[in-house]
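Open the model in your viewer and keep the selection panel handy. We will move from stop to stop, picking residues and looking at what is there.

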Amino acid sequence: MNGASHLMDFLDEPFPDVGTYEDFHTIDWLREKSRDTDRHRKITSKSKESIWELIKSLLDAWSGWVVMLLIGLLSGTLAGVIDLAVDWMTDLKEGVCLSAFWYSHEQCCWTSNETTFDDRDKCPQWQKWAELMTGHSEGAGAYVLNYLMYVMWALLFSFLAVSLVRVFAPYACGSGIPEIKTILSGFIIRGYLGKWTLLIKTVTLVLAVSSGLSLGKEGPLVHVACCCGNLFCSLFSKYSKNEGKRREVLSAAAAAGVSVAFGAPIGGVLFSLEEVSYYFPLKTLWRSFFAALVAAFTLRSINPFGNSRLVLFYVEYHTPWYMAELVPFILLGVFGGLWGALFIRANISWCRRRKTTVLGRYPTLEVIVVAGLTALLAFPNPYTRRSTSELISELFNDCGALESSQLCDYINSPNMSRPVDDIPDRPAGPGVRIALLQLALALVFKVVITIFTFGMKIPSGLFIPSMAVGAIAGRIVGIGVEQMAYHHHDWIIIKNWCRPGADCVTPGLYAMVGAAACLGGVTRMTVSLVVIMFELTGGLEYIVPLMAAAVTSKWVADAFGKEGIYESHIQLNGYPYLDVRDEFTHRTLAADVMRPRRSEPPLAVLTQDATAVEDVEALIKETDYNGFPVVVSRQSERLIGFVQRRDLTLAVKTARQKQDGVVSSSVVYFTEDPPQLPADSPQPLKLRRILNLSPFTVTDHTPMETVVDIFRKLGLRQCLVTRSGRLLGIITKKDVLRHMAQMMNQDPESIMFN
């Protein structure tokens, strides 16, 4: 096997666009790395010539940090604007602020001087739609009118979101993470990270979340941050002209996206490393850290939550957890794994049905129907009516003396005189029982509706709905354990850690653990998930319960299938993604996979000095291969190198236009010296500068296990198969993916793209 030491030999002025890639093609990581090394070498040698060149080399070295700074600033600003807009538009479904219509409910009542502590959610400036229209705030008529207005706003927001996506930026739909994973693995999807996609995704994300659909903004914020990264890459030729370097920036941008989505900068870096990145050198780790820091700082400056905190669901528990509680925590992990496996199977089968049936032709109707159903079913239940983030925040909260939530309606002991932050376990009151019933209904509703919502033609994240399912289940379990500890404190298992009258169980902690378990079950994240959860809530001392739940949920979910939701959607869409985590254990050889097969025509090749321009043009016209091996002669089949189709097309076209004497019968040669030709022959065309003189080769007896590993770790597009220097065939990334699918009894033609 031989690597790529010097891929491109530009003897003359290079053509424009040589070395670029077409849409839906895979980049050649080795070539991109080599080109960047050449560029860096040239800059270093020039920097010794003059002060100006030295300054240029310093600017080039700092350009990476400048790009990170810009990504952090823009993604932080956009996240802050999205948070504020979602707050306002979610509240707009229920009412309006009379003193300033652009205020959300909370902001409206902050500014009021007439708000009392007991009725802090009610103030004269904030009026529900029924009160505004009819003057009555109570009664059946007012309830029906508020209900109708809620559904109408939900339908309007969802219709606007799907219409904008369909008309202006079809790539702005979905979560974006499966596609970003594929792009970071080296695939080209032009326009996916474009300016229009950035603008439309930002606007429609606000509309989709505000409509009350069971989706979150966290996944799409990663897409938004990567669009910002792509935008700033175009300002620096170092990144705009090198697809490998561009992907390093996009990895860091993904970290900034999670940083602003959750207020979790370290979790963002780990998420990029664990979940989305394909190639993550140490330099990218530092830059990701810097981008996540700047993004988090920018978001903190905007302060969209109004609590001067970066975190979304800040909690403060006053009770430690006990060893006996690991049992319910692990059971929540099992629930999370089961829910993850169920959700992935159900969602993928629904998305496949959407793709293959008439349903896929009416995306607008589908969104409106789902939004209408969601609003109709959500309004009667106070836990589904509010935004999912508010619901999770309430479920995470501990019941202090100042809490007015129904979940905190416990029966207080008349002689209770403890400090405010250490309230003992108490029997559940009627409010808690009603809340438990409503939460159980909310759980069923969220589980079912999220399956149909994720994957529609609007921006839709999965983090928050998954966390909501887990938080509801966790809170129910937490209250159950709390009541068991109160009523049966004489049981041996409880007696050891909970004495009567003590504050032993924190139901909010169970909600937090359940949220982590369900998110882990769906995405199969572990390390980054635990870090995101404790950054998100500030619950540093609860890392062990979170770790136990995350690991359990991953084990349980993996028992039903190794792929997380993002990998499943990559497979569903047929993206050419070679997952580093997949194991290839079959005993096949390169000769079994290479093309051409015995029944196929021989490999299309070019000779080093005996092919005419018209033959080259005919070969390009008649075939759709991405490149052609170059051999000494058709008889010897000795391999010289490999030339990319796009480079060859551009080179011949440019030579026809600009080089005198090049005609159809001109000989194309790839050698250093021109071939011996008769005196009356037309001028030959030298194309050595576009020839890759060291294409990656393996022998026909190389095990496919090794070939798959090479493709994964080096990011190859293709690999030539030889025997004793003679060319036998070629293996492309698509061939590898087809072979792997075949070995797993899947449809090999499901890999749709080139």
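**Stop one: a cysteine pair**

Start by selecting Cys109 and Cys123, which are joined by a disulfide with an S to S distance of 2.2 Å. Keep in mind as you look that this is a predicted model. Turn the view to look along the S-S bond: the angle about it is -75°, a left-handed link between Cys109 and Cys123. This pair ties together distant parts of the chain, with Cys109 in helix 3 and Cys123 in the loop between helix 3 and strand 2 (126–128), 14 residues apart. Switch on a surface and you will find Cys109 buried, and Cys123 buried too.

**Stop two: the other disulfide**

How many disulfides does the structure hold? There are two. For the partner to the one you have just seen, select Cys97 and Cys108, whose sulfur atoms lie 2.1 Å apart in a disulfide. Here, too, distant parts of the chain are linked: Cys97 belongs to strand 1 (residues 95–97) and Cys108 to helix 3 (residues 105–110), eleven residues apart. Is this disulfide of Cys97 and Cys108 left-handed or right-handed? The torsion about its S-S bond is about 75°, so the disulfide is right-handed. Cys97 and Cys108 are both buried.

**Stop three: cysteines to check**

Next, select Cys351 and Cys173. Why is there no bond for Cys351 here? The closest cysteine sulfur to that of Cys351 is in Cys173, and at 11 Å it is too far for a bond; a disulfide needs the two sulfur atoms within 2.5 Å. Is Cys351 buried or exposed? Its relative accessibility is 5%, so Cys351 counts as buried, since the cut-off for buried is under 20%.

Then go to Cys227, which is buried with a relative accessible area of 1%.

**Stop four: a nonpolar patch**

For the last stop, move to the surface and select Ile51, Trp52, Leu54, Ile55, Leu58, Leu59, Trp62 and Val66. Together these side chains form a nonpolar patch with about 850 Å² of accessible area. Colour them in one shade and show the surface to see the patch.

Now pick out Ile51 from this group; where does Ile51 sit? You will find Ile51 in helix 2 (residues 51–92). Its relative accessibility is 63%, so Ile51 counts as exposed, because exposed means over 50%.

To finish, you can show both ends of the tour together: the buried Cys109 and Cys123, and the surface patch that includes Ile51 and Trp62.

Key: Residues are numbered from 1 along each chain as its sequence is written. This is a predicted model: local features need pLDDT of at least 70, side-chain atom pairs count only at pLDDT 80 or more; totals for chains, interfaces and linings use all residues. Side-chain values use heavy atoms; hydrogens and water are left out. Patches are made of residues with over 30% relative accessible area and no salt bridge: like charges are joined within 9 Å, nonpolar side chains (Val, Leu, Ile, Met, Phe, Trp, Tyr) within 5 Å. Accessible areas come from the Shrake-Rupley method with a 1.4 Å probe; for residues, only the protein chains shown count as cover. A salt bridge is a side-chain nitrogen of Lys or Arg within 4 Å of a carboxyl oxygen of Asp or Glu. Helices (H or I, at least four residues) and strands (E, at least two) are DSSP runs, numbered from the N terminus. Buried means under 20% relative accessible area, exposed over 50%, partly exposed in between (1.4 Å probe, protein chains only).
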